[in-house]
Every structure is written in C-alpha cells, then in structure tokens.
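Me: I'm new to reading protein models, and the vocabulary trips me up. Could we go through this one together, term by term?

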Amino acid sequence: MKLSGIQAQLFIAFGSLVLVINLFYTRLSVLFVDVTEDIVASHLLDLEIQRLEQHWLSEHALSALSSDAFSLSDKPASSPWQRAAIDNSMLIAKQSEEVMYFKAFNHTAIPADGVTMRSSALTPLSSFTDVFSVFLFSASAAAMILAILSTWFLASRLAKPLQALASSVKTQTPDSPCSIAGTERQDEIGTLATNFTSTYSALQDAWQRERDFTHDVSHELRTPITLLKNTLAVQPTSDSNNTERQLLEQATNTLQQTVEVLLALARKENLQFSAVAVLPILERVLLAIHHVHPELKFDAELDIDDNAKVTGNAYLMTLLCQNLVNNGVYHGGGKGMNISLKNGKWVFENPLADTSDRPYYQGLGHGQYLVQRIASVMQWNIDFEQTATRYRVVLTPLMAEA
C-alpha cells in the first residue's frame with residue numbers, strides 16, 4: 001500500500017480519528033475511576049464519623065475504630081493536603097503510592113479534630129483502581145485493534161472503486177472503444193467515470209482526425225510535389241527564364257521540406273531522444289546538396305570534434321541541418337558556410353547575397369519557423385543573429401555525455 005494512495009490516506013485519517021477518540025475516552029474513564037474512589041472514601045469516612053459521634057453522645061467516650069485504615073488525628077496543615085472536588089469538607093493528600101483522606105468531626109467536644117483514612121489499608125478500595133485500570137487498558141487495546149481493523153476494511157472498501165476506475169482508465173488505448181468502469185454508479189465516482197468516458201472519447205476522435213490529417217498530408221501533398229520536381233527535371237533549361245526556373249525549384253524544395261518537417265513532428269517515434277553523433281549527420285546533408293546540385297561550388301567549413309554528440313532525435317536533427325544548410329546555400333550566394341560546435345554552442349553562419357540569380361522571394365522567416373519548431377520539440381534553445389552581410393544561427397542543444 002502506497003502512503004500517497006487514497007486507501008492509505010483514508011486509513012491514516014480514520015485511524016487517527018479513532019485513536020484520538022479512544023485516548024479521550026480512556027482519559028475520561030481514568031478520571032471516572034479517580035472520582036469514584038474519592039466518592040467511596042468520602043462515604044466511608046461519613047459512616048465512621050457518624051458511628052463515632054453517636055457513641056460519643058451516648059457514652060461520652062470514643063469507641064474503637066472499625067478498621068486499621070482509620071485513625072483519629074488533628075486537622076492537618078494545608079500542604080500537601082487539598083480539598084476534594086466532590087466533597088468540600090474532605091481533604092486529600094497523595095504521597096507516592098499512598099492516598100490519605102481526612103474529614104473533621106461535627107462536634108467540637110470530641111478530643112480529636114477528625115478521622116484520617118488510608119486507601120491502601122482497605123482492600124476493596126486499594127485493589128479497585130488496579131483491577132479497573134487493567135480492565136480499562138485491556139478494553140482500550142481491544143477497542144483500538146478492532147478500530148484499526150475496521151478502519152482498514154472501510155478504507156479498502158471506499159478506495160476500491162477509485163482504484164478500479166484508475167486501472168480502467170490506465171488500460172484504455174487510442175484504437176479501442178472507450179469502456180471505463182463505474183459509469184453505472186449513482187454517486188460522485190459514477191459522475192467522474194462518466195466524465196472520463198466522454199473526455200476520452202473526444203480525445204479518441206481528435207486522435208483519429210490527426211491520423212487522418214497526417215495520412216492526407218503525406219499522400220496528397222507529396223504526390224504533386226513529386227510531379228513538380230519530375231516536370232522540372234525533364235524540361236529543358238531554355239524553355240523558361242532561368243530565374244523563374246530557380247524560383248520554382250526553390251519553392252518546390254521548400255514545400256517538400258515543410259511537409260517532411262511537419263510530418264516528422266507529428267510522428268510519435270520521432271519524439272524519442274538519445275545521444276546522436278553530429279558529424280555524420282552534417283556530412284550526409286552536405287553530400288546530399290552536392291548530389292542534387294553537382295554544378296554548385298559550396299564550401300562548408302566544419303569545426304566539430306569527430307566524437308561530438310548531442311541529445312536529440314537523429315531524423316529531426318537531419319531535417320534541422322538540412323533546412324539550415326539549404327537556406328545557407330540559397331541566401332548565401334554559394335559563398336559557403338561555417339559550422340562549429342564548441343562550448344555547448346552549435347553555430348551555423350553564412351554570408352547573405354542578394355543577386356539576380358538568387359532573389360529574395362520569401363526572406364528567412366519561413367526557414368526560421370521550421371527550425372524553431374524542431375528545436376523546441378528537442379528542448380533546444382535557439383537564437384538568430386542577422387546583419388546586413390551575415391546570417392548566424394546559434395543552437396544550444398542538450399550535450400550528451402562522452
């Protein structure tokens with residue numbers, strides 16, 4: 001049983017309440033014993049004093065005391081004697097294990113102030129407290145054990161519907177119909193189960209719409225992009241203006257990258273992160289640029305350790321590098337790019353060129369958004385720095401241990 005579970009909390013709450021009540025009634029019973037003992041002592045003293053006074057009035061002499069527990073004595077000093085709460089005319093003194101009681105005579109002619117009684121000398125009175133204490137504490141212990149067992153049973157019974165509800169919710173899957181236990185109940189648990197059912201059903205509908213959207217985007221957008229690229233590949237360069245052709249090629253590549261990034265972010269398997277080597281990803285991305293544009297002279301200077309690793313997803317990192325390098329190729333006018341990874345900073349830096357064969361048709365905002373989306377999913381920090389001649393992207397990834 002977990003201490004943070006509702007069953008344990010109910011058990012602790014009920015158990016504490018029962019313990020407090022049991023201690024209260026135990027203390028009340030002890031007080032009752034003490035008061036009862038004082039009442040008995042007061043009654044015995046009254047009987048003894050009455051007997052002695054009657055004998056004095058008839059014989060003008062004191063008769064023998066009826067028990068060794070009684071003795072004639074003068075009125076004691078105030079300390080350590082105190083007046084009894086149940087009888088203001090009786091004095092009580094408690095000395096270690098002995099309890100003394102004193103009451104004064106009503107007639108002043110008697111050659112003694114009163115009678116003193118020792119509780120230990122009276123067998124019934126002296127043993128009453130011990131016997132009753134044993135009985136009281138035995139009954140208290142039995143009541144406490146019974147209360148703990150009852151509390152455990154009640155806590156288990158009260159927590160069982162909630163545990164069944166939690167287990168039922170945990171076993172639900174997006175692809176199976178929602179079926180949560182407890183909806184037939186007419187109490188708050190039934191209301192909670194019904195709300196869980198309606199909410200989870202709505203989530204399942206949203207998941208299905210997301211899967212349908214991902215499937216539609218993957219099929220319906222990739223197909224026309226492929227057709228556009230194939231058409232551009234088979235068309236002679238002379239059939240259209242070179243600038244317009246490059247603009248169309250760039251728009252097609254950008255659209256393809258956008259679809260790939262959004263689909264990658266929508267897939268759950270791309271949200272699993274691990275230590276990934278950086279240099280092989282950059283090499284594959286740069287070689288892909290050369291494979292697509294073999295005529296392009298683009299120098300990339302890499303300042304990255306061969307064993308450098310960061311925490312992320314390999315596919316998302318590939319798309320991120322692909323977007324940054326492609327933007328560098330397009331906006332840098334083929335002048336190259338500097339890529340470094342030092343002191344936890346991954347930097348992509350390239351010059352900016354506004355030439356006739358590489359027009360600014362969209363600026364850098366579109367590429368920045370995709371890179372920001374990828375970085376945010378991998379929990380990386382990202383900063384963009386742009387001047388009139390240079391563009392710099394600074395990533396702060398989660399560095400993996402060597």
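Me: Let's start small: which residue is the bridge partner of A300 in β9?

Reply: That's M337. One thing before we go on: this is a predicted model, where local features need pLDDT of at least 70, side-chain atom pairs count only at pLDDT 80 or more, and totals for chains, interfaces and linings use all residues. Residues are numbered from 1 along each chain as its sequence is written, and side-chain values use heavy atoms, with hydrogens and water left out.

Me: What makes β7 and β9 a pair of strands?

Reply: Strands here are DSSP runs of E with at least two residues, and helices are runs of H or I with at least four, numbered from the N terminus. Two strands pair if DSSP finds at least two bridges between them. β7 and β9 (residues 337–342) are joined by 4 bridges and run parallel, so they pair by that rule.

Me: Why are β7 and β11 said to stand at the edges?

Reply: Look at the strand order of this open sheet of 5 strands: β7-β9-β10-β12-β11, with mixed pairing. β7 (300–303) and β11 (381–386) each have a single partner strand, so one side of each has no neighbour in the sheet. From one strand to the next, the twist averages 10°.

Me: Which helices lie on that sheet?

Reply: α6 lies across β7, β9 and β10 (345–351), at about 175° to β7. α7 touches β9, β10 and β12 (390–396), and its direction makes about 25° with that of β10. Those angles run from 0 to 180 degrees between N-to-C directions, with axes fitted to C-alpha atoms (for helices, over the stretch in contact).

Me: Why are α6 and α7 called oblique to each other?

Reply: Helix α6 (residues 279–292) and helix α7 (residues 314–331) pack at about 45°, with axes 9 Å apart. Under 35 degrees counts as roughly parallel, over 145 as roughly antiparallel, 65 to 115 as roughly perpendicular, and the rest as oblique. The angle of about 45° falls in none of the named ranges, so oblique it is.

Me: Which residues make that contact?

Reply: Contact means heavy atoms within 4.5 Å. On α6, the residues include I281, L282 and I289, and on α7 they include M317, C321 and V325.

Me: How do you know that S168 is buried?

Reply: Buried means under 20% relative accessible area, exposed is over 50%, and partly exposed is in between (1.4 Å probe, protein chains only). S168 has 10% relative accessibility, so it counts as buried. This serine lies in helix α2 (residues 123–170). Leaving aside neighbours within four places in sequence, S168 is in contact with S179, I180 and A181. In the protein as a whole, buried residues make up 35% of the 402 residues.

Me: What makes the pairing in the sheet of 3 strands antiparallel, and where are its edges?

Reply: That open sheet has the order β6-β8-β13, with antiparallel pairing. β6 and β8 (residues 309–312) run antiparallel, joined by 4 bridges, and β8 pairs with β13 in the antiparallel sense over 2 bridges. The edge strands are β6 (274–277) and β13 (398–399), each pairing on one side only. T311 stands opposite A275, and its bridge partner in β13 is L398.

Me: Which side chains of β8 are buried?

Reply: V310 and G312, which point to one face, are buried, while K309 and T311 point to the other face and are not. That fits a general pattern: in a regular strand, side chains alternate between the two faces of the sheet.
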